[in-house]
Amino acid sequence: MTATQTTTTGTVPEPADPAEVERFLGAVASDVATAFHAASVALGDKLGLWAALAQGPATPEELGARTGCDARYLQDWLAAQYVSGYCERTADGRFRLSPAQAAVLADPSAPTYLAGAAVLAGVLYKDDTLAVDSFRTGAGVPWRAHHDDLFSGTERLFRPGYAANLVGSWIPALDGVAERLTAGATVADVGCGYGASTILLAQAYPASEFLGVDTHPASIEAARQRAVEAGVADRVRFEVAGAADYPGGGYGLVCVFDALHDMGDPVGAARHVRESLAPDGTFLLVEPMAGERLEDNVSVVGRMFYSCAPLICRPHARSEHGPYELGNQVPDSTWRELLGRAGFTRVRRATETPFNRVFEVRP
């Protein structure tokens with residue numbers, strides 16, 4: 001069906017099929033309801049409501065006693081969760097989380113945990129003035145200009161996947177890397193944020209030493225504190241540095257987790273990675289799941305990442321005034337081409353998850 005018809009007086013809209021309008025209206029209304037509800041999911045995360053509800057069935061008053069929150073407000077919050085399918089009600093009218101709901105909403109250590117990611121979704125609304133300005137002017141928006149929830153929310157989105165997969169399946173999928181780290185190697189984690197991936201690796205491989213770098217000073221401060229709390233500060237150091245100028249060399253492993261696509265010059269960054277590797281070292285590149293064509297990305301994952309691309313990823317790349325603005329749905333073929341320009345000769349998708357592609361890259 002074409003969107004318009006041409007007449008002697010110009011172009012006029014083609015009459016819409018009422019049934020199609022009704023169907024699409026329902027789809028958009030559902031998405032708007034989801035956007036409204038996401039704010040309550042993030043609120044529950046920040047107030048500890050999900051973890052408290054996972055302790056057992058509760059009335060609003062009982063949940064208030066557990067959390068110190070007002071029961072009247074909790075009554076509406078619980079109602080929103082119930083009508084959205086995010087909690088259940090018992091025969092006596094209490095609210096509860098099913099085991100499946102608790103695994104997704106209440107346990108930050110679970111690989112299925114997603115409630116914290118709603119904090120990141122909120123940033124897209126909190127920073128809407130930045131987006132309006134960048135769309136109208138074409139200006140870039142650096143990572144540091146965003147609301148603080150971007151930094152914690154990004155970790156909350158990606159950390160469960162790292163905890164579930166990094167040591168258990170991603171490192172073993174790389175040729176000889178697990179053995180090298182077990183024996184003892186030096187590792188650089190570029191764009192480390194709060195240091196979740198760096199610390200997970202350090203805990204798994206006590207014979208190795210780790211450097212985490214990021215351009216955001218507040219994130220590095222948070223990473224240093226978390227390394228102390230995790231008991232690995234003697235083998236992990238965090239420094240403010242960029243992908244093209246982080247210090248050191250002879251690394252057995254260099255990692256970039258979900259960050260290379262954000263850079264204005266990913267080829268220059270990858271070239272520095274190659275130069276900093278030991279001759280037999282490995283570059284571990286983790287990127288969001290994406291297909292070769294737009295049509296291949298018609299999925300929940302595609303919707304999530306494409307929606308973030310013009311609000312976070314592309315504006316940051318533009319702020320760096322580099323030759324590239326990749327977005328976050330970069331095809332494998334593009335990565336092979338760009339990494340080849342940086343001097344790498346072997347690029348292999350070693351493994352994957354529904355959210356991630358894991359590349360083994362070698363000189």
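The buried residues of helix H4 pack against quite a list of partners: helix H1 (18-47), helix H2 (49-53), helix H3 (60-67) and strand E4 (95-96). Keep in mind as you look around that this is a predicted model. The residues doing that packing are Leu-74, Trp-77, Leu-78 and Gln-81. Why do they end up on the same side of H4? They cover an arc of only 100° around the axis, which puts them on the same side. The general rule behind this is that an α-helix has 3.6 residues a turn, so residues three or four places apart point the same way.

Now turn to the other face of H4. Turned away from the buried side, you'll find the exposed residues Arg-72, Asp-76 and Val-83. As for the helix itself, H4 runs over residues 71-83, which makes 13 residues. From its first C-alpha to its last it reaches 18 Å, close to the 18 Å expected at 1.5 Å a residue.

Both ends of H4 are worth a look. At the N-terminal end, Asp-70 acts as a cap, with a side-chain oxygen 3.0 Å from the backbone nitrogen of Arg-72. Just after the helix, Gly-85 takes a positive phi of about 80°.

One of the partners of H4 deserves a closer view, and Ser-40 is a good way in. Ser-40 sits in helix H1. Is Ser-40 buried or exposed? With a relative accessibility of 13%, Ser-40 counts as buried, because the cut-off for that is under 20%. Setting aside neighbours within four places in sequence, Ser-40 is in contact with Trp-77 and Gln-81, and both of those are among the buried residues of H4. With Gln-81 there is a polar contact too: the side chains of Ser-40 and Gln-81 are joined at 3.1 Å.

Let's move along the chain to the loop between helix H5 (99-105) and helix H6 (117-126), where Ser-109 lies. Ser-109 has a relative accessible area of 54%, so it is exposed, the cut-off being over 50%. Its side chain makes a polar contact of 2.6 Å with the side chain of Asp-107. For a sense of distance, try Thr-186: Ser-109 and Thr-186 are 77 residues apart along the chain, and their C-alpha atoms are separated by 27 Å.

Next comes some empty space. The second largest pocket has a volume of about 270 Å³. It is lined by 15 residues, and the closest to its centre are Pro-111, Leu-157, Pro-160, Gly-161 and Phe-355. Which helix gives the largest share of that lining? That would be helix H8 (residues 149-170), which supplies 7 residues.

There is closed-off space as well. Rolling a probe the size of a water molecule over the atoms shows where empty space is left. The structure holds 1 cavity of 30 Å³ or more, and the largest cavity has a volume of about 60 Å³. Its lining is made up of Val-123, Leu-124, Asp-127, Leu-130, Ala-131, Val-141, His-146, Leu-311 and Ile-312. The elements that give two or more residues to this lining are H6, helix H7 (128-137) and H13.

Leu-130, from that cavity lining, also helps to place another residue, Gly-184. The C-alpha atoms of Gly-184 and Leu-130 are separated by 45 Å, with their positions 54 residues apart along the chain. You'll find Gly-184 in the loop between helix H9 (177-183) and strand E5 (186-190). Gly-184 counts as partly exposed, at 35% relative accessibility. Not counting residues up to four places away in sequence, Gly-184 touches Ala-207 and Ser-208.

To finish, here are two residues with unusual backbone angles. Most residues other than glycine have a negative phi, and most peptide bonds are trans. Asp-258 is not a glycine, yet its phi is positive, at about 50°. His-321 is not a glycine either, and its phi is positive too, at about 55°. Where do they sit? Asp-258 lies in the loop between strand E8 (251-257) and helix H12 (266-276), while His-321 has its place in the loop between helix H13 (300-319) and helix H14 (332-341). Their surroundings contrast: Asp-258 counts as buried at 7% relative accessibility, whereas His-321 counts as exposed at 71%.

Key. Residues are numbered from 1 along each chain as its sequence is written. This is a predicted model: local features need pLDDT of at least 70, side-chain atom pairs count only at pLDDT 80 or more; totals for chains, interfaces and linings use all residues. Side-chain values use heavy atoms; hydrogens and water are left out. Helices (H or I, at least four residues) and strands (E, at least two) are DSSP runs, numbered from the N terminus. The expected span of a helix is 1.5 Å times one less than its number of residues. Buried means under 20% relative accessible area, exposed over 50%, partly exposed in between (1.4 Å probe, protein chains only). The arc is that of the directions from the helix axis to the C-beta atoms. Contact means heavy atoms within 4.5 Å. A polar contact is a pair of N or O atoms within 3.5 Å; within protein, one must be able to donate a hydrogen and the other to accept it, and residues adjacent in sequence count only if both atoms are side-chain atoms. On a 1 Å grid over the protein atoms alone, a cavity is a set of points where a 1.4 Å probe fits but cannot get out, and a pocket is an open set with protein on both sides within 12 Å along at least five of seven lines; lining residues have an atom within 4 Å of a point. Grid points are joined across faces, edges and corners, and a volume is the space filled by probe spheres set on the points.
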